[in-house]
Amino acid sequence: MTLWRIRATVDDRPGYLSVLTASLALRGVNILTVQVQPTEQGAVDDFLVDAPDALDEAELIAAVERGRGRDCWVARSEARGLADQPTRVLGLANRLVRDPDATGEALRTLLGADSVSWRPAATGDDRGIADTRMLLADPAGGSFALRRAAPAFTPAEYARAQALVELAATVTRRAAEQVTLVLPDGAEVAVRPASADDLAGVLELHEGCSPRSRERRYLSGAALPRQDRLRRLLEPTRGLTLVATTTDGDGTVVAMANLLGEGDEAEAALLVRDDWQRRGLGSALLRRLVSHADRAGYAALVLHVRADNAPMLRTLRRLDRPSSVQRDAGLLTLTLPLAVAVPAARRGVFRSPAGSEGSRTPVDQVTR
């Protein structure tokens, strides 16, 4: 007996699937697993079957067509195909939790793609599936392009792939920036990606800032931002928000750093509580935003700064990066070009890193 994968479209009407299975049974084909994927053209049935060795590809296609199946695709399979789809997906998810840099290889394994490439440019309205091509939005920035010779991708496969990419992005956001900063005066703060659970702490941060600090952050007045706006800032659709908290047990939020992606550029902004300003915290957070923007493949980092915001301008000078400046009355727009660095997990050939640093929380020494 030989293992085969068969994919065919069947009208989503009562009895049609049983006609197809009966046609296969007449040729001695044993169906081991079946997945049904609804599409606009009908139900796409994906079978793993055990067929007599004498049957070839043409005979299997003929049996499917006699069973009212159409757009048939047949290929030999291996014993590992016996693992059911949920088990395979959970296994890949577990791998990504341990190694989010394996996103490309996970996509290739999940969908049997012939090629997976990552593009630094953001996706637009063309994302989705087109026959044997798929374009996925990468929440960290850019997009994944997948191709395979056959069969055509289905909406269900697109949904699975997008969920896998979003999982990897979430793991990266939660783990990549979890550090303890030691400031020049010896004080320590914990820096981590923000979540919706930080809303109360971020509200307290804004209330603890002076009106002048809030006005410099938002450029539109000193009033407290609306809670719905803060929720969007805490979990941006594209980009990253970091919060800095005290390490004395209560975890008070003392600073927030936002990186918001828009096209191939990202906008950065900081808010540091007044009593934590001029201590090197803002510089450390901005460096992390720049590093994340570099890894995500953005072409430039943009900051809007009031011309009289001397502390923020000093912070930008400490980055020691070339930038262009545009002035509109009292508002400066600074643009820092970034090297479009393709992350290891988003190159044409995907390899897992040779080693792992483990789960230990790193400690960084901050200098001015």
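1. Quick bit of vocabulary before we start: helices and strands here are DSSP runs, numbered from the N terminus. Keep in mind as you read on that this is a predicted model.

2. With those labels in hand, have a look at the loop between strand E8 (143-147) and helix H5 (155-175), which is where you'll find Pro-151. The peptide bond joining Ala-150 to Pro-151 is cis, with omega at about -5°.

3. Next, the sheet that includes E1. Which strands build it, and in what order? It has 4 strands, arranged E2-E3-E1-E4, and it is an open sheet with antiparallel pairing. Strand E2 (30-39) and strand E4 (70-76) are the edge strands; each has a single partner, so one side of each has no neighbour in the sheet. Going from one strand to the next, the twist averages 15°.

4. Staying in that sheet, zoom in on E1 and E3. Strand E1 (residues 2-10) and strand E3 (residues 42-51) run antiparallel and are joined by 9 bridges. If you want a spot to click on, try Arg-5: its bridge partner in E3 is Leu-48.

5. Now for the backbone angles. Leu-219 has a positive phi, near 65°, and it isn't a glycine. You'll find Leu-219 in the loop between helix H7 (211-218) and helix H8 (227-234). Is Leu-219 buried, exposed or partly exposed? Its relative accessibility is 31%, so it counts as partly exposed; the partly exposed class lies between the buried cut-off of under 20% and the exposed cut-off of over 50%.

6. Ala-329 is another non-glycine residue with a positive phi, this one about 55°. Its home is the loop between strand E15 (324-328) and strand E16 (331-337). With a relative accessibility of 63%, Ala-329 counts as exposed.

7. Then there are the arginines over tyrosine rings. Which ring does the charged end of Arg-68 sit over? That would be the ring of Tyr-16, with the charged end 4.9 Å from the ring centre. Arg-217 lies over the face of Tyr-218, at 4.3 Å from the ring centre. Tyr-218 falls within the range given for helix H7 (211-218), on one side of the loop that holds Leu-219.

8. Last point, on rings with rings. How many aromatic pairs turn up when the whole structure is searched? The count is 0. So if you're scrolling around for ring–ring pairs, the search found 0 of them, but you can still look at Arg-68 over Tyr-16 and Arg-217 over Tyr-218.

Terms used:
Residues are numbered from 1 along each chain as its sequence is written. This is a predicted model: local features need pLDDT of at least 70, side-chain atom pairs count only at pLDDT 80 or more; totals for chains, interfaces and linings use all residues. Side-chain values use heavy atoms; hydrogens and water are left out. Rings of Phe, Tyr and Trp (its six-membered ring) pair if their centres lie within 6.5 Å; planes under 30 degrees apart count as stacked, over 60 as edge-to-face and the rest as tilted. A charge sits over a ring if NZ of Lys or CZ of Arg is within 6 Å of the ring centre and within 35 degrees of the ring normal. Two strands pair if DSSP finds at least two bridges between them. Helices (H or I, at least four residues) and strands (E, at least two) are DSSP runs, numbered from the N terminus. Axes are lines fitted to C-alpha atoms, for helices over the stretch in contact, and angles run from 0 to 180 degrees between N-to-C directions. Buried means under 20% relative accessible area, exposed over 50%, partly exposed in between (1.4 Å probe, protein chains only).
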